[in-house]
2 protein chains.
Amino acid sequence: MSGGMDSALCAAIAKRDGYRIAALHLSYAQRTESKERECFEKLADHFGVVKKLIVDIDYLSKIGGSSLTDNNIEVARADLQNSGIPSSYVPFRNANMLAIATSWAEAIGAPAIYIGAIQEDSSGYPDTRKVFIDAFQLAVTAGTKPETNIIIYTPIIDLAKSEIVTMGLGLGVPFGLTWSCYKSCEPACGQCDSCMLRLRGFAAAGIEDPIRYR
Amino acid sequence: MSGGMDSALCAAIAKRDGYRIAALHLSYAQRTESKERECFEKLADHFGVVKKLIVDIDYLSKIGGSSLTDNNIEVARADLQNSGIPSSYVPFRNANMLAIATSWAEAIGAPAIYIGAIQEDSSGYPDTRKVFIDAFQLAVTAGTKPETNIIIYTPIIDLAKSEIVTMGLGLGVPFGLTWSCYKSCEPACGQCDSCMLRLRGFAAAGIEDPIRYR
């Protein structure tokens, strides 16, 4: 649960599905961490999570290769026409997230992992696609104890941002408590890839985004 | 490269295969860390590695569930007859290792990952088996950039410990610089699962282990 819209919606879906929630928050020295952390805590309270685990994976900033974690790379202005891999790509980030989540799930006996990956064409991250999640599921099944049966759910993977807004409103997701901007300063920049996707989503859903923009 | 025999042999094999070595060392707050780290540094010098990355994954100790990382669980005396999962099992540890290795490999353009997993029957860790590595390879292929083609090699996965000793001697692995004991104190305890496997391996190879035991 990052503090963003997608994982907030996943938490709401997991609750609707009848689960109690153990919320994993990953800090990876990204520029947005302080704001994301604040939103994570508020969302965790909102959803009444029964366990929280905050894991510092700042090795991703040592590994670099992404504008989100490497201070030598500028956060690119939104270029949603660009079909290549965006500069905010952190190599294989979701595998790191899912490996940690699986370790924790096996340790506490959780039967399911909800991840808010979305494979919207414009994002272009290879590790948000269903083909990756399916492969990782095989690794989870093969790499845990025989009696462990953890299922990875990607309930929003095929949703457009506008559908995330609409479904979230239906499930009572407090979008005013979420943060999407790649920069940490408030108000949100409104210019980075993530702000553009968010704003476009609210516009397409015909709903006003409750957070403030520059 | 942990500081143990298996990853030391993998490094020797990677060198023999013509690769320059970027060595990843993972510290996960295990009892053995100080001794393993010392051995890692000596082995890295020995093999002339061109890059080193040390990543602290002490979240595995927060997650717990293993005697290696959870100080509330006693390190079990060797019980190699026991066919179950040993108490030193860290849930899904190798997936965490491979996820970090893959992120780093993609960032630096490394074409191969060598991992010293061995699926010797007596170890019983689900994430050391070939079926797990094969599944993880699919996740790596699916979850990295299209132009990235990282191959995971498990050159010793089917070897018995005695074969690791024999092959290592043939490739000049300095076993005196390696550490296997689950406890951190020198000399090695000679009683934990890992010491027992090591001693049994040297005995079966008809070679004397160069390190000291209690």
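Okay, let's start with chain A, which has 7 helices and 4 strands. One thing up front: this is a predicted model. If you walk along the sequence of chain A, the elements come in the order α-β-α-β-α-α-β-α-β-α-α.

So what does the chain look like in terms of inside and outside? Chain A has 214 residues, and 57% of them are buried. Its accessible surface is about 9000 Å², and carbon and sulfur atoms own 49% of that. There's also a nice number on how the chain folds back on itself. Take the contacts in chain A with a separation of 6 or more: 72% of them are between residues 24 or more positions apart.

Now, the two chains together. How many residues does each chain bring to the contact? Chain A brings 36 residues, and chain B brings 36 residues too. Between them they bury about 2800 Å², with 74% of that area on carbon and sulfur atoms. On the chain B side, the residues that lose the most area to chain A are B:Ile63, B:Phe92 and B:Ser103, and together they make up 21% of what that side buries.

What holds for charges and polar groups across that boundary? Salt bridges between chain B and chain A: the count is 0. Polar contacts are another story, with 10 residue pairs between the two chains, both partners at pLDDT 80 or more. If you want to find this side of chain B in the viewer, look for strand 2 (51-56), helix 3 (59-63), helix 4 (93-108) and helix 5 (130-143) of chain B, since those are the elements that each give two or more residues to it. Sort the residues on that side by type and you get 25 nonpolar, 6 polar and 5 charged.

Let me come back to one name from that list, B:Phe92. This residue sits in the loop between helix 3 and helix 4 of chain B. Its phi is positive, near 60 degrees, and this is a residue other than glycine. Is B:Phe92 buried or exposed? It counts as buried, because its relative accessibility is 0%. Now turn to chain A and click on A:Phe92. That one lies in the loop between helix 3 (59-63) and helix 4 (93-108) of chain A. A:Phe92 has a positive phi of about 60 degrees, although it is not a glycine. And with a relative accessibility of 0%, A:Phe92 counts as buried.

Next up, salt bridges. The general idea is that side chains of opposite charge can pair when their charged atoms come close. Over all chains, the whole structure has 18 of them. Here's one I'd like you to look at: the side chains of A:Asp6 and A:Lys161 meet in a salt bridge, 2.9 Å from N to O. Where do the two partners sit? A:Asp6 is in helix 1 (residues 5-16) of chain A and A:Lys161 is in helix 6 (residues 161-170) of chain A, so the pair links distant parts of the chain, 155 residues apart. A:Asp6 is buried, at a relative accessible area of 16%, and A:Lys161 counts as buried as well, at 10%.

Over in chain B, B:Arg16 and B:Asp17 pair up through their side chains, at 3.0 Å from N to O. B:Asp17 is partly exposed, with 37% relative accessibility.

Then there's B:Glu38, which forms a salt bridge with B:Lys35, the closest N and O atoms being 3.3 Å apart. Both residues lie in helix 2 (residues 33-47) of chain B, and they're 3 residues apart, about one turn of the helix. B:Glu38 counts as partly exposed at 35% relative accessibility, while B:Lys35 counts as buried at 8%. In chain A, salt bridges that share partners join A:Lys35, A:Glu38, A:Lys42 and A:Glu186 into one network.

Last stop: A:Thr154. You'll find A:Thr154 in the loop between strand 4 (151-153) and helix 6 of chain A. Why does A:Thr154 count as buried? Because its relative accessible area is 12%, and the cut-off for buried is under 20%. Which residues does A:Thr154 touch, leaving aside its neighbours within four places in sequence? They are A:Ile115, A:Lys130 and A:Ile133.

That's my tour, thanks for listening!

Definitions and conventions: Residues numbered from 1 in each chain as written. Chains lettered and ligands numbered in written order. Predicted model: local features only at pLDDT ≥ 70, side-chain atom pairs only at ≥ 80, totals over all residues. Heavy atoms only, no water. Contact = heavy atoms within 4.5 Å. Buried area = accessible area lost by both parts, 1.4 Å probe. Salt bridge = Lys/Arg side-chain N within 4 Å of Asp/Glu carboxyl O. Polar contact = N/O pair within 3.5 Å; in protein donor to acceptor, adjacent residues only side chain to side chain. Nonpolar A, V, L, I, M, F, W, Y, C, P; charged D, E, K, R; others polar. Buried < 20%, exposed > 50% of the residue type's maximum accessible area, 1.4 Å probe, protein only. Areas by Shrake-Rupley, 256 points an atom, 1.4 Å probe, with all protein chains shown as cover.
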